[in-house]
Amino acid sequence: MSINNNLFDLQLLWEATNNGLTFFQDEFPHVGTKRNSLKGFSVRADDDTGSCHVSKSKTNGLYLFNDFGTSDKAVNAVDYVMKRDNVDFFQACKTLFSQYNLPLPEHKKINPTTFSSDTNGKELGYWHVEFYNEIQNKNEFKRLFPFATQEVATEYDFKEIKYYEKVGQKENGELYLMKTVASPEFPIFGYDKKHFVKIYQPRAPKGDKYLLKHGFIGTKPERIIYGWENAFDKVDLPLIEIHLMELSEAKKRDDKKMVKYHLEELHKLKLDYVLIATGGSDGINLASLGYPVIWFNSESEVINSNEYYELSKIAKQIVYVPDLDDTGVRQAVYVGVKNIELKLLWLPETLLSDNKKDFSDWIRNLKGEDFEKVVSIFKKMLSQALNFKFWNYNDKGTLQLNEKKMLHFLKHHNIRIYKTPYKSQDSGKEDDGYFINIQNNIIKQVFPSDIRNIVLNWLDHNFHAIDIWNKVLRSSFFTQNQLKALPFFEFKKNGTGKDFQYYFFNNTAVKVTSETIEEIEYSRKLQVSCWEEDVIKRNFKKLEPFFTVATDELNRKRITILNKNSNYFKVLINTSRIFWKKDADATQNDLNPFGINSDKLTEEENVLQELHLLNKMYCIGYMLHQYKRQSRAFMVLGVDFVSGESVKGSYGGTAKSFLQKAVFTLIAGKNIGAKRLKEDGFPMDGVTPKTKYVLFDDLPAYQDMEFFYNMVTDDFTANQKGGVKYNMPFDDSPKIGATTNFAPDMNISSTKRRTLVYHNSDYYHEATEENGFLFTRKISDDFNGKDLFDKEYKDEDYNNDYNFMLQCLQFYLSQTDKIEAPIGNLVSKNNLMKIGDSYNKFFKELFKDEINLNNWVEKSKVVAMAKDELGNKFMSAQRFNDNLQLYVSAYRDLGWSIEMKKRKNENGNAVPFFYIDTTGSKTAPEENNEEVATEQSKQVEQPDLFEEAKKIPDTDLDF
């Protein structure tokens with residue numbers, strides 16, 4: 001029967017085991033002192049020379065086991081298990097994937113043998129566990145506990161299980177006997193406590209609802225302390241209690257001699273240490289180093305004050321060995337504060353970088369070392385264990401503060417030093433940084449006096465002696481220089497990722513993904529942090545969606561607006577209404593306010609307005625998503641849809657900046673007036689690593705867009721006044737945006753690739769004599785004179801707008817493609833800018849006369865007119881020719897095209913003519929005019945990315 005080897009992704013196995021090296025280190029934990037080499041050891045009883053080697057293959061990079069004392073070939077981990085267990089490839093893969101907690105093919109997981117049967121008279125509540133006399137699966141035992149012996153396992157009632165069974169009851173009341181049998185591939189262990197057994201199944205799959213790693217069979221007591229009896233069995237408790245009682249009496253009599261005597265006797269009788277582990281695996285591994293250990297049934301249970309008092313009778317020092325994950329640290333601090341004498345042994349934080357967290361992880365990393373060396377290392381670690389009692393009394397009874405313990409106390413009360421990253425200074429002076437306090441995910445700056453007050457408040461809250469409080473108050477420890485010994489805090493931008501973004505409000509954190517907007521309570525479990533200044537100083541309440549987006553039968557994105565409670569949303573709707581004039585009456589009053597669709601518009605026009613709105617919403621989402629991606633790195637650029645009287649400008653006042661500045665209510669933004677780019681030697685002053693967004697407002701005509709390229713797709717440098725410079729790498733640099741009254745050249749691919757353009761209609765405008773508007777319309781006019789986002793703006797309005805903005809972020813995260821506004825209009829405006837006002841005015845007047853359109857026109861006559869009217873602006877015949885074609889291409893979306901030929905004029909001479917077609921046919925009609933020569937058409941073809949876009953000339957509507 002053939003086996004489908006493709007069921008297993010072996011690459012997962014090689015990645016999890018360092019190409020098989022980890023497996024061989026687990027298989028042979030008693031040999032090898034180097035992590036990357038196992039050489040010269042024996043696995044056969046008759047091998048006295050150490051013929052076995054594990055080495056890396058030069059062919060495929062996998063680690064191979066070779067016994068040079070046999071004729072066998074070198075084998076990788078899978079082949080080794082096949083031979084060791086006498087199984088096929090499939091079974092060997094199952095064993096290895098289970099051992100390293102890797103996903104197995106569906107229905108192919110390694111499970112124990114389980115079956116149910118008739119109870120044979122056994123009653124409900126019956127249970128039985130059949131143990132082996134000794135550990136049988138020694139490889140698995142050594143993998144779990146590298147230095148443990150059978151004696152250690154026996155002392156802590158840890159046994160290997162053959163099978164366990166119990167009587168259960170079905171919903172219909174029928175009883176059944178369920179039996180679970182271990183196998184070499186699925187070993188089962190248990191803590192035999194006589195009245196119950198705690199089952200330990202190390203190969204149980206992660207997250208399995210029915211096959212658990214830990215479980216109970218029998219009568220589980222309310223509270224279990226493993227190892228408790230073992231510890232007390234190691235001392236003469238009655239004698240200790242006698243000395244304790246007599247010591248108390250001697251103290252009452254102030255009999256110093258007897259006090260000293262009893263203390264010395266107690267010192268002889270007590271254990272040096274009792275260690276507290278977070279679970280059974282850590283407990284047995286600690287015990288394997290020769291220390292008495294206790295642990296509780298779950299990681300959430302901690303020692304209480306009465307239990308601590310009982311332990312203190314028999315131990316000179318009680319040391320808790322916590323896990324390094326967030327829960328473990330929080331629990332250790334809690335128990336350390338409750339039991340001020342309890343010491344905490346902190347494992348090396350380097351474990352976290354390998355996604356490890358507990359003592360078992362630490363000791364398994366050392367499984368190849370000599371036992372004596374591991375014991376020595378741990379003994380040194382034990383000597384560094386500290387409690388939170390940062391004071392002591394010397395032999396003379398004088399109160400003293402312990403600086404080392406004080407720093408330990410402050411560290412675990414989340415006091416750190418923060419140094420601004422990416423910062424350099426011309427003077428070369430070291431950045432001293434500043435102190436921070438982290439509470440409930442919020443990071444805030446504190447000063448030495450604040451840190452002192454934290455300690456004083458803690459002393460008060462925990463009712464410690466007044467003389468300690470006074471000592472802290474007078475201490476010189478709380479100064480800038482002394483506190484520099486605190487550990488550094490490295491802020492990581494953990495509130496954002498490729499597919500999510502957190503925002504922080506006064507009352508809640510909010511996580512946004514493409515699927516959900518979720519409110520999450522502040523707690524240490526949140527796993528993300530935020531600077532205090534980035535907390536939005538308002539409450540947030542999640543609301544129902546304001547819109548939905550779907551794709552129609554023509555593959556066009558269409559928006560359905562569900563409600564318009566957000567004022568910000570209303571403004572975006574109006575600024576997207578490029579055909580709003582068709583909804584206005586003769587006095588220019590809008591009859592369809594905040595309506596993205598209208599029955600006065602064609603379907604194509606409605607779709608186009610919706611596209612402009614969706615594009616704006618996409619821009620907002622891009623701004624709010626603080627994750628940086630090279631493939632989605634843009635400058636958000638706001639431009640006017642309609643040109644003004646001058647081709648170098650527009651009407652202005654269209655609320656372009658409003659779209660981006662409004663987002664600054666959610667993110668830390670910096671607004672830089674474009675004039676600063678030329679006039680200020682430090683235009684980026686004030687931009688720091690905490691800046692999320694930089695807006696360059698009101699870019700001038702002919703702005704060199706290349707100036708911004710590196711800011712968009714590369715690192716960001718911000719020189720500050722005073723010599724400080726921030727060199728921020730791309731991932732941590734701010735996103736940027738800009739607004740302009742002019743049209744950048746979108747024919748330059750580097751510019752187009754780096755910009756995310758949105759167009760604003762002229763719905764909001766400033767009335768002038770030139771533009772024909774009868775009155776000025778501002779945003780506040782639509783809201784009864786109220787300015788949006790000012791200090792009088794209501795909390796309810798803020799909440800509506802914030803919900804809408806975060807829904808835009810959700811919309812952005814759901815999109816795989818960039819949603820662009822039609823840029824045909826922008827290209828046309830840029831072409832007109834290249835022509836200049838003088839030529840633009842000349843051509844506009846020229847083509848008011850319809851005889852010059854859709855008709856052959858002799859070029860030399862028009863050139864003569866241009867020379868006469870333009871004077872020194874004429875420049876050259878070639879310049880005239882180029883400008884004519886640019887002018888026609890600016891109206892290409894309206895169907896304009898140009899054709900040039902040599903034709904006979906009225907004198908019979910062959911001279912250049914041009915034909916401008918405004919009908920959309922792009923072909924001049926033939927006439928009875930013999931062509932002497934043909935000039936290749938120089939019609940300018942501009943890229944038309946959105947054929948449905950139709951530009952409305954500003955002269956089309958006459959009010």
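**Strand E34 and the nonpolar cores**

Colleague: In this predicted model, which strand pairs with E34 over four bridges, and in what sense?

Modeller: The pairing over four bridges is antiparallel, and within it Phe716 stands opposite Met728 of E34. The two strands form a hairpin with four residues between them, and Gly722 in the turn has a positive phi of about 110 degrees. The partner, covering residues 716-719, is strand E33.

Colleague: Which residue of E34 is the bridge partner of Lys423?

Modeller: Strand E19, residues 423-425, runs antiparallel to E34 and is joined to it by three bridges. In E34, the residue that partners Lys423 is Tyr726.

Colleague: Along E34, which side chains point to the buried face?

Modeller: The side chains of this strand, residues 724-728, alternate between two faces. Lys725 and Asn727 point to one face and are not buried, whereas the other face takes the buried side chains of Val724, Tyr726 and Met728.

Colleague: Which element gives the most residues to the largest nonpolar core?

Modeller: This core has 67 residues, of which Tyr568, Met617, Leu666, Phe804 and Leu806 touch the most other members. Elements that each supply at least two residues include strand E25 (509-513), helix H20 (567-576), helix H21 (603-624) and helix H26 (795-813). The element that gives the most, with eleven residues, is H21.

Colleague: How many residues make up the second, separate core?

Modeller: Val259, Val335, Ile415 and Phe477 are among the members of this second core. It is separate from the core that includes Leu666, and its residues number 55.

Notes:
Residues are numbered from 1 along each chain as its sequence is written. This is a predicted model: local features need pLDDT of at least 70, side-chain atom pairs count only at pLDDT 80 or more; totals for chains, interfaces and linings use all residues. Side-chain values use heavy atoms; hydrogens and water are left out. Buried means under 20% relative accessible area, exposed over 50%, partly exposed in between (1.4 Å probe, protein chains only). Two strands pair if DSSP finds at least two bridges between them. A nonpolar core is a set of buried Ala, Val, Leu, Ile, Met, Phe, Trp, Tyr and Cys residues joined through side-chain atoms within 4.5 Å.
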